[in-house]
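Good morning, everyone, and thank you for making the time. I would like to walk through one model with you, beginning with charged pairs, then moving to strand pairing, the core and finally a single loop residue.

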Amino acid sequence: RKNPRINRRFIVSYRIWEDEDNHDLSQTKNLSLGGMLLTTNRQFDPGTKLALEIRVPFDSNPIMLIGKVVESKEVTKNLIYDTRLMFLAVDEKHRKSINDTVDHYMKKG
């Protein structure tokens, strides 16, 4: 793994990139500078682009970025899916927010 990963729950709003009106709310299972694992209520095909808004403790505004689905597998039949995402576009400000968050929880343990 290239980036350290923290197992923390943060609130995430997500939608399919091309679909403006279809937001869902969930939470992360883990987070790193390169991507995250999130619980979704449906399965996504690998390669699907999701628009994400993540709320972290060190930024009063949500971090907005694009993630690409790497894998989406069923945890509870027709109900809960673990969806792994790789971040595609993260601007410098949001990269710092994610980095500060990961650093904080890495030190905390």
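Which side chain meets that of K29 in a salt bridge? The partner is D82, with an N to O distance of 3.0 Å, where a salt bridge is taken as a side-chain nitrogen of Lys or Arg within 4 Å of a carboxyl oxygen of Asp or Glu. Because K29 lies in strand β3 (residues 24-32) and D82 in strand β7, this pair ties together parts that are 53 residues apart in sequence; helices (H or I, at least four residues) and strands (E, at least two) are DSSP runs, numbered from the N terminus.

Before going further, I should say that this is a predicted model, in which local features need pLDDT of at least 70 and side-chain atom pairs count only at pLDDT 80 or more, while totals for chains, interfaces and linings use all residues. Residues are numbered from 1 along each chain as its sequence is written, and side-chain values use heavy atoms, with hydrogens and water left out.

Returning to the first pair, D82 is buried, with a relative accessible area of 14%, whereas K29 is partly exposed at 27%; here buried means under 20% relative accessible area, exposed over 50%, and partly exposed in between, with a 1.4 Å probe and protein chains only.

By the rule I gave, the count comes to five salt bridges. Another of them joins the side chains of E71 and R84 at 2.9 Å, N to O, and since E71 lies in strand β6 and R84 in strand β7, that pair ties together parts 13 residues apart in sequence. Both ends are partly exposed, E71 with a relative accessible area of 29% and R84 with 35%. A further one, between K96 and D100 at 2.8 Å, N to O, is placed within helix α1, where the two residues are four apart, about one turn of the helix.

Turning to the strands, β6 and β7 run antiparallel and are joined by nine bridges, two strands being counted as paired if DSSP finds at least two bridges between them. Within this pairing, S72 has T83 in β7 as its bridge partner. The two strands form a hairpin with three residues between them, and N78 in the turn has a positive phi of about 55°. On the β5 side, six bridges join β5 to β6, again antiparallel, and G67 in β6 is the bridge partner of L50.

What about the core? The largest nonpolar core, meaning a set of buried Ala, Val, Leu, Ile, Met, Phe, Trp, Tyr and Cys residues joined through side-chain atoms within 4.5 Å, has 21 residues, and L31, M36, L52, I54, L65, F87 and I98 touch the most other members. The elements giving two or more residues to this core are β2 (11-16), β4, β5, β6 (63-76), β7 (80-89) and α1 (92-108). Not counting residues up to four places away in sequence, F87 has contacts (heavy atoms within 4.5 Å) that include L31, M36, L52, I54, L65 and I98.

I will finish with T48, which is found in the loop between β4 (35-40) and β5 (49-54) and is buried, with a relative accessible area of 18%. Its side chain reaches the backbone oxygen of D45 at 2.6 Å, and, leaving aside neighbours within four places in sequence, T48 is in contact with I16, G67, K68 and V69.

Methods. Polar contact = N/O pair within 3.5 Å; in protein donor to acceptor, adjacent residues only side chain to side chain.
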